[in-house]
Amino acid sequence: MEVWRQIFIHGMNMFNLFIVSYFFIGNGVYTLLMVLSLGSVWLYNRRLAYQGMDEIRESPVTPPVTIIIPAWNEEQIILKTTESILQTDYPELEVVVVDDGSSDRTLERLVKRFQLVKMDLIYRAHIPTREVRGFYMNPDRPNFLVVSKENGGKPDALNVGLNLCRTPYFCTLDADSILENDALLRLMRPVIRSPINTVASGGIVRVLNGCEVRDGRVVNIALPKSRLERFQVVEYLRSFLFGRKIGDLLGGTLIVSGAFAIFHRETVLDVGGFAHDTVTEDMDLIVQIHHWAVKNRRHLTMSFTSDPVCWTECPATLKMLGKQRRRWQMGLCQTLWKHSEMLFNRRYGLVGNFSFPFHLYVEALGAVAEFLGYFMVPLAIIFSMVPATLYLLFVLLSLAYGGLLSVGAVLLEELTYRRYPGYRDLATLLWFALIESIGYRQLVLYYRFEGVVRFLTGFRRWEKVTHVGVAN
Amino acid sequence: MPFLIEHLIEIVFVSFVVVLLGNCFLIGIALTRRQRRRKYFHRIDALREKYGPVVAGILSGQIAYAQGLQELRGISGSDRMVMLERLCLEQKTAPGQEHALGRLSEDLGLVKIWQQRLMGQIDPASLKAALAHPEGLVDRVSALQFLIRAKSAENLGAIHHEPSWPLLVKTLEDPHPDLQSVAARALSEIQHPGSFPALVAQMHKVVLESTSALSLRAIKAALISFPLETADELLPSLRHPNPRVRFLSTDIIREMVEREAAGRPDFFLDKRNLEPGLAEVFLVELPFDENPDVRARAAPVISYLADSRALPLLLTLLEDAAWFVRLHTVRALAKQRFLPQAGQIARTLTDSNWRVREATVRTLRGFGSAGRERLTEHFLGTSDRYSREQIADEFQRAGLIPELLSQCAENGNGRETRVLSSLAEMGKTSYIVSVLTQGKGNGRLRKRFLQKFGCSPDPQIQHWVEEVAQQESDSELRALAQAALITNHQHGEG
């Protein structure tokens with residue numbers, strides 16, 4: 001019996017050590033990211049003063065772009081999205097909406113609104129996809145095409161769009177998103193300005209909930225009413241202004257949100273398009289491109305910029321939030337597992353030695369460590385292995401630290417873009433940043449833990465997050 | 001162990017307090033910042049309201065220059081120059097007003113400050129203002145030097161300040177990529193012929209030295225914006241031993257020419273707008289360049305040359321071994337004056353590359369009814385599946401199906417009927433059926449179609465015939481559809 005007790009105590013000690021190390025390493029890295037991001041985003045914002053948007057708009061060297069919108073049962077929001085896209089300020093733009101076998105009225109609404117007619121056009125499947133049922137076009141709008149296909153998932157719909165894309169770059173956009181008028185121009189700026197071939201360029205995704213939308217444009221930016229959505233506003237700010245920016249700064253981009261990103265067509269075709277074996281095809285594509293570049297000795301770059309804005313609906317209910325976060329976590333685990341040979345592989349430079357281990361240790365395993373920590377540490381107190389005071393202080397430190405990171409993100413927003421105009425908005429954001437770690441963080445952690453469990457148990461299904469048109 | 005735990009408790013407690021204070025500090029910065037920005041925007045809004053019309057009036061000539069200048073000089077405060085800069089640069093200038101804006105900026109002392117800043121010098125006025133207000137000094141120190149210099153270069157370009165071009169050319173050599181890029185852009189705004197060779201030299205550097213921080217697109221965009229008359233400076237580059245330099249130079253001239261030609265169908269290149277030596281290179285050397293990219297980009301320029309050698313050269317390039325040379329040539333031939341060559345162009349309808357086939361179809365369609373005739377002839381006469389598919393694609397994309405249907409209704413057994421029949425054979429009937437379904441009012445068209453194609457085995461047409469047979473209110477049409485169904489049924493049984 002004594003032996004088992006010793007084993008238990010030893011195990012608990014080891015686990016507690018792991019939790020503490022995770023806490024300090026994870027938060028240490030996050031602090032570093034926060035400081036670097038503060039400098040980097042501030043500097044980038046100052047540089048915008050002389051970036052010459054008019055020149056990009058008018059220059060013949062600005063490459064044409066195709067926007068690909070995969071849509072599956074998006075009847076509530078598809079018209080809003082499409083109208084917004086067709087008004088986008090960009091010199092040469094094509095728009096392809098791929099209806100992925102919707103069972104609702106997504107296709108009918110598009111056909112009716114834009115007076116489309118069914119056509120039998122040529123389809124060259126450079127990348128194999130599910131069968132295409134038909135093309136819908138209005139000859140008066142030659143730059144707008146709707147494709148109807150058999151349901152095959154988001155990667156398959158994106159591949160159909162890719163097969164139809166004729167421009168050197170294409171932009172993937174979620175069907176529940178609204179682009180700011182000049183977002184595409186801003187997103188293309190790093191592609192045009194960079195001396196190295198830029199194969200992916202990501203922008204910032206902001207929460208649409210609560211904003212007023214008129215004629216496909218966000219005309220009044222406001223915070224959503226519900227607490228759940230407000231927490232997500234803070235979370236998105238932290239995720240995009242810190243996490244993504246730093247990947248860009250260090251040249252170790254591992255995630256570019258497919259909700260709004262530009263890709264180099266030839267490169268994506270060379271890597272075989274969007275893969276079906278993970279549920280986060282955007283992250284998987286980026287990792288595939290890193291592979292391809294190393295294998296073919298290509299010198300290329302990826303960028304993240306924080307001024308091109310895409311507004312998207314965030315989940316308004318716990319059920320939808322759970323679906324979204326489980327999928328993200330499961331996709332992260334799948335992608336990291338699929339490309340595990342990159343871990344500490346010096347051929348992959350910063351991606352293999354910083355981004356990959358960071359995502360594995362802090363983002364993937366961190367969810368497990370933190371979740372179990374909430375149960376194991378109290379156990380350790382019960383067994384008198386850790387003083388209750390220490391535990392309590394540690395919890396307080398953890399909460400305050402979570403608040404610090406979120407407050408830092410809100411500050412960064414305030415120093416740069418200030419999208420939320422009122423004092424009240426700022427105060428609300430700061431308040432939600434402070435209390436995010438109490439309750440909301442644990443809730444998201446639970447969903448992330450579920451995502452890991454699903455990955456481990458081989459669950460593969462894509463959980464659909466239904467959008468209900470929450471903008472005013 | 002208890003000793004260690006106590007220490008750990010202390011460490012965690014101190015960390016907690018530090019983090020808590022950190023939170024308060026960041027919140028404090030955020031709120032203060034918001035307050036400061038609010039004040040700033042209130043001030044700029046007030047100034048805009050008061051002085052914006054003055055600047056606009058000076059530029060349009062509605063306000064006497066001296067009087068307006070005096071008013072603007074009346075703006076006071078430590079941020080006076082910042083506000084003046086904003087007021088001047090925010091003003092949308094109509095063509096021809098750039099000079100007035102430049103003069104105003106000069107007289108207000110802004111140009112001198114921008115030039116000094118660009119040279120990396122500290123201008124006494126802003127230093128004095130900064131020292132007088134500690135807050136301004138912090139701003140000044142915090143803003144990195146290259147940001148100020150780049151913004152100054154941008155401003156000089158924005159007001160088209162011609163005397164600043166030598167300074168901007170010097171900035172092209174600055175080690176900071178932002179400064180190089182902004183200087184190139186500012187030079188393209190000013191468009192002083194003296195700066196063109198420096199930009200060309202920069203292009204060479206970007207191509208030949210892989211370490212250059214300036215993007216090729218940025219330098220190319222700058223060069224393209226110059227007038228075509230300056231293009232002769234690119235002559236040595238067109239003969240450069242490096243194929244990429246030749247390619248870029250050709251492409252820059254192509255872009256310049258395309259810009260000049262935009263919206264002018266009668267545009268030609270002759271000795272009045274293109275240096276004869278340059279034209280000779282396009283006629284004698286570039287179509288035979290070893291680099292296919294050069295040949296491809298030369299074709300559009302050749303297509304504008306008023307020279308008897310141009311057309312044979314284009315027809316030769318139309319048969320080039322590289323598909324993209326053929327592609328660019330076909331596109332270059334999409335001008336009404338090449339209509340007599342439609343027959344030769346139509347040969348590329350059976351090209352092995354689909355992009356060339358597609359470009360050919362579009363070029364021919366661009367010729368209007370004569371081009372469409374050519375396409376129809378080819379469509380009906382060829383057995384080449386790929387070109388037929390391509391033409392069918394274009395008929396649909398261009399929205400020609402309704403027209404074909406109405407002509408079919410008018411002409412009976414004309415060519416349009418044969419085209420529709422071929423489309424039905426190819427299974428390309430979705431658009432046809434859409435027109436028939438939507439155009440319910442046009443009974444004659446549907447009657448004709450039922451008579452001609454009611455028995456077509458195409459499933460979409462059959463489905464439509466069934467619908468008409470069951471739901472149509474017009475008894476004649478319904479009877480025709482029913483008869484077609486019976487015939488079809490008999491054929492099926494037979």
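Two residues are counted as in contact here if their C-beta atoms, placed from the backbone, lie within 7 Å, and please keep in mind throughout that what we are looking at is a predicted model.

With that cut-off, 45 residues of chain A are in contact with 48 residues of chain B. On the chain A side, the elements that each give two or more residues are helices H1 (2-47), H6 (183-193), H12 (388-415) and H13 (423-435), together with strands E3 (117-119) and E4 (132-137). Of these, H12(A) supplies the largest share, 16 residues. If we sort that side of chain A by class, we find 30 nonpolar residues, 7 polar ones and 8 charged ones.

H12(A) comes up again when we turn to the interior. The largest nonpolar core has 250 residues, and the members that touch the most others are Ile68(A), Ile262(A), Ile286(A), Val410(A) and Leu187(B). Here too the largest share, 12 residues, comes from H12(A). As general background, nonpolar side chains in soluble globular proteins tend to be buried together.

Let me stay with one of those residues for a moment: which residues does Val410(A) contact, once we leave aside its neighbours within four places in sequence? In chain A they are Val234(A), Leu237(A), Leu429(A), Leu430(A) and Ala433(A), and from chain B there is Ala30(B).

The two strands I listed on the chain A side also belong to a small piece of pairing. E3(A) and E4(A) run antiparallel to one another over 3 bridges, and within that pair Met119(A) stands opposite Phe135(A) of E4(A). E4(A) is then joined by 5 bridges, again in the antiparallel sense, to strand E5 (residues 144-149) of chain A, where Leu145(A) is the bridge partner of Met137(A). With 6 residues between them, E4(A) and E5(A) form a hairpin.

Chain B, by contrast, has 28 helices and 0 strands. Its radius of gyration is 35 Å, whereas a compact globule of 494 residues would come out near 23 Å, and its C-alpha atoms fill a box of roughly 100 × 75 × 70 Å along the principal axes. Buried residues make up 39% of the chain, and among its contacts with a separation of 6 or more, 65% are between residues 24 or more positions apart.

To close with a single helix, in H3 of chain B, residues 80-90, the buried residues are Met83(B), Leu84(B), Leu87(B) and Cys88(B). Looking down the axis of H3(B), these buried residues fall within an arc of 130°, so they line one face of the helix.

Note on methods:
Residues are numbered from 1 along each chain as its sequence is written. Chains are lettered from A and ligands numbered from 1 in the order in which they are written. This is a predicted model: local features need pLDDT of at least 70, side-chain atom pairs count only at pLDDT 80 or more; totals for chains, interfaces and linings use all residues. Helices (H or I, at least four residues) and strands (E, at least two) are DSSP runs, numbered from the N terminus. Ala, Val, Leu, Ile, Met, Phe, Trp, Tyr, Cys and Pro count as nonpolar, Asp, Glu, Lys and Arg as charged, and the others, Gly among them, as polar. A residue is buried if 20 or more other C-beta atoms lie within 10 Å of its own, exposed if 12 or fewer, and partly exposed in between; C-beta atoms are placed from the backbone. The arc is that of the directions from the helix axis to the C-beta atoms. A nonpolar core is a set of buried Ala, Val, Leu, Ile, Met, Phe, Trp, Tyr and Cys residues joined through C-beta atoms within 7 Å. The radius of gyration is taken over C-alpha atoms; the globule rule is 2.2 Å times the number of residues to the power 0.38. Two strands pair if DSSP finds at least two bridges between them.
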